[in-house]
Amino acid sequence: MFNALVLEKNPEFSASVREVDDTFLPEGDVTVDIAYSTINYKDALAITNRSPVVRSWPMVAGIDGSGTVVESSSPKWKPGDQVVLNGFGVGETHKGCLAGRARLKGEWLIRRPSRFSAREAMGIGTAGYTAMLCVLALERHGLRPDDGEVLVTGATGGVGSTAVALLSALGHKVVAATGKAGEADYLKSLGAGAVIDRAELATPGKPLQKERWAAVVDSVGSHTLVNALAQTRYGGAVAACGLAQGADLPGTVMPFILRGVALLGVDSVMAPMGWRELAWNRLARDLDPARLAAITTEIPLSGAVDAAARLMAGTVRGRIVVRTRE
């Protein structure tokens, strides 16, 4: 028996931690004892029923997990292997990792880098791994540390906090945008050189604005993304990975056709395994453990429902790591 955060709809929605056993697990060729999971924005949407994230009921929440293989019929994995899971529809169409145990497909797993503990891996989780995918996308476009300022929107969130820490460690001049004025010292401790009010970006603006950013990591979408594009310098790039403000893109083609700005879409859910492994290897190389610790807060599984509500209310900063076993 083990505890799991179960989401049900019959017909009313409910989210509760309760005891289940292995018969509750879905099909899969690898069974993992989950040591830690985490709460990402998508998890919070599912747990609070704020968006139709879940496609199959009942569901165990948790798109991320880190733990130890206990059973495997996959040729790639054996009992005792330390693994990490991010995405692939887990917590949406396949029961997830906010639980003491999960049954998964071996092709979804990567080996946990030895530099990270199971807890540290979930301090990164999908949000941090997505931030690294954004950095890699900007680097493929040609971004270099001496190119100028890089804007990070939603900077106190999981993606934003990790992006600030990574970009600054790589030598970039980082400007963090946040609506939480009281978190300026936190963002500067992660490496931000300057902090601006998100209100500067959150409302409709001109199609082309004063050029400022060499590149942008955006997890917000909507008007924020459009204004970031309008302020990006000639030939620069914006890596877009989220929709905290909205899924709309209320802008024009002007930045693309008059300044050659590139909009780089970043998906973490179905990213190819090669990209995942590269991202995790780079995280192991580039993410300062002290800054990761500053980003991370740990809670027990029993506190996950409340934490999801706080995340949706905008009162959480950084990353929430969930200890799945007491």
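This briefing describes helix packing, backbone geometry and selected residue environments in a predicted model. Helix α2 (residues 118-141) packs against helix α3 (residues 158-169) at an angle of about 50° and against helix α7 at about 105°. Cis peptide bonds precede P11 and P58, and positive phi values occur at N49 and F88.

**Packing of α2 with α3**

- The axes of α2 and α3 are 8 Å apart, and the angle between these helices is about 50°. That angle makes α2 oblique to α3, since it falls in neither the range under 35 degrees nor the range from 65 to 115.
- The crossing of α2 past α3 is right-handed.
- On the α2 side the contact is formed by A127, G128, T130, A131, M132 and V135, which meet G158, V159, T162, A163, L166 and L167 of α3. These contact residues comprise 8 nonpolar, 4 polar and no charged.

**Packing of α2 with α7**

- Helices α2 and α7 have axes 9 Å apart and pack at an angle of about 105°. The two helices are therefore roughly perpendicular to each other, as the range for that description runs from 65 to 115 degrees.
- From α2, the residues A121, I124, G125, G128, Y129, M132, L133, L136 and E139 take part; from α7, their partners are W275, R276, L278, A279, W280, R282, L283 and D286. By class, the residues of this contact are 11 nonpolar, 2 polar and 4 charged.
- G128 and M132 of α2 are listed in the contact with α3 and also in the contact with α7.

**Helix α7**

- Helix α7 covers residues 273-286, and its 14 residues should span 20 Å at 1.5 Å a residue. The C-alpha atoms at its ends are 20 Å apart, which agrees with that expectation.
- The buried residues of α7 are R276, A279, W280, R282, L283, A284 and D286. The elements covering them include β6 (82-86), β8 (109-111), α2 and α3.
- Among these buried residues, R276, A279, W280, R282, L283 and D286 also appear in the contact with α2.

**Two residues of α2: T130 and R119**

- T130 is located in helix α2 and counts as buried, because its relative accessibility of 4% is under the 20% limit.
- Beyond its neighbours within four places in sequence, T130 is in contact with V159, C241, V266 and S268. V159 is one of the α3 residues in the contact of α2 with α3.
- R119 also belongs to helix α2, but its relative accessibility of 28% places it in the partly exposed class.
- Leaving aside neighbours within four places in sequence, the contacts of R119 are Y36, T296, E298 and V321.
- The C-alpha atoms of R119 and I257 are 45 Å apart in space, and the two residues are separated by 138 residues in sequence.

**Unusual backbone geometry**

- Most residues other than glycine have a negative phi, and most peptide bonds are trans. The following sites depart from that pattern.
- N10 and P11 are joined by a cis peptide bond with omega of about -10°. P11 lies in the loop between β1 (2-9) and β2.
- A cis peptide bond also runs from W57 to P58, with omega near -10°. P58 is in the loop between α1 (41-47) and β4 (59-60).
- N49 is not a glycine, yet its phi is positive, near 60°. This residue lies in the loop between α1 and β4, and with 33% relative accessibility N49 counts as partly exposed.
- F88 is likewise not a glycine and has a positive phi of about 60°. F88 is found in the loop between β6 and β7 (101-104) and is buried, with a relative accessible area of 15%.

**Environment of F13**

- F13 lies in strand β2 (residues 13-20) and is partly exposed, at a relative accessible area of 22%.
- Apart from neighbours within four places in sequence, F13 is in contact with L7, E8, A46, I47, T48, N49 and W57. Among these partners, N49 has the positive phi near 60° and W57 begins the cis peptide bond to P58.
- F13 and P255 are 242 residues apart along the chain, and their C-alpha atoms are separated by 43 Å.

Technical notes:
Residues numbered from 1 in each chain as written. Predicted model: local features only at pLDDT ≥ 70, side-chain atom pairs only at ≥ 80, totals over all residues. Heavy atoms only, no water. Helix = DSSP H or I, 4+ residues; strand = E, 2+ residues; numbered from the N terminus. Buried < 20%, exposed > 50% of the residue type's maximum accessible area, 1.4 Å probe, protein only. Contact = heavy atoms within 4.5 Å. Axes fitted to C-alpha atoms, helices over the stretch in contact; angles between N-to-C directions. Parallel < 35°, antiparallel > 145°, perpendicular 65-115°, else oblique. Left-handed = near helix turned anticlockwise from the far one by under 90°. Nonpolar A, V, L, I, M, F, W, Y, C, P; charged D, E, K, R; others polar. Expected span 1.5 Å × (residues − 1).
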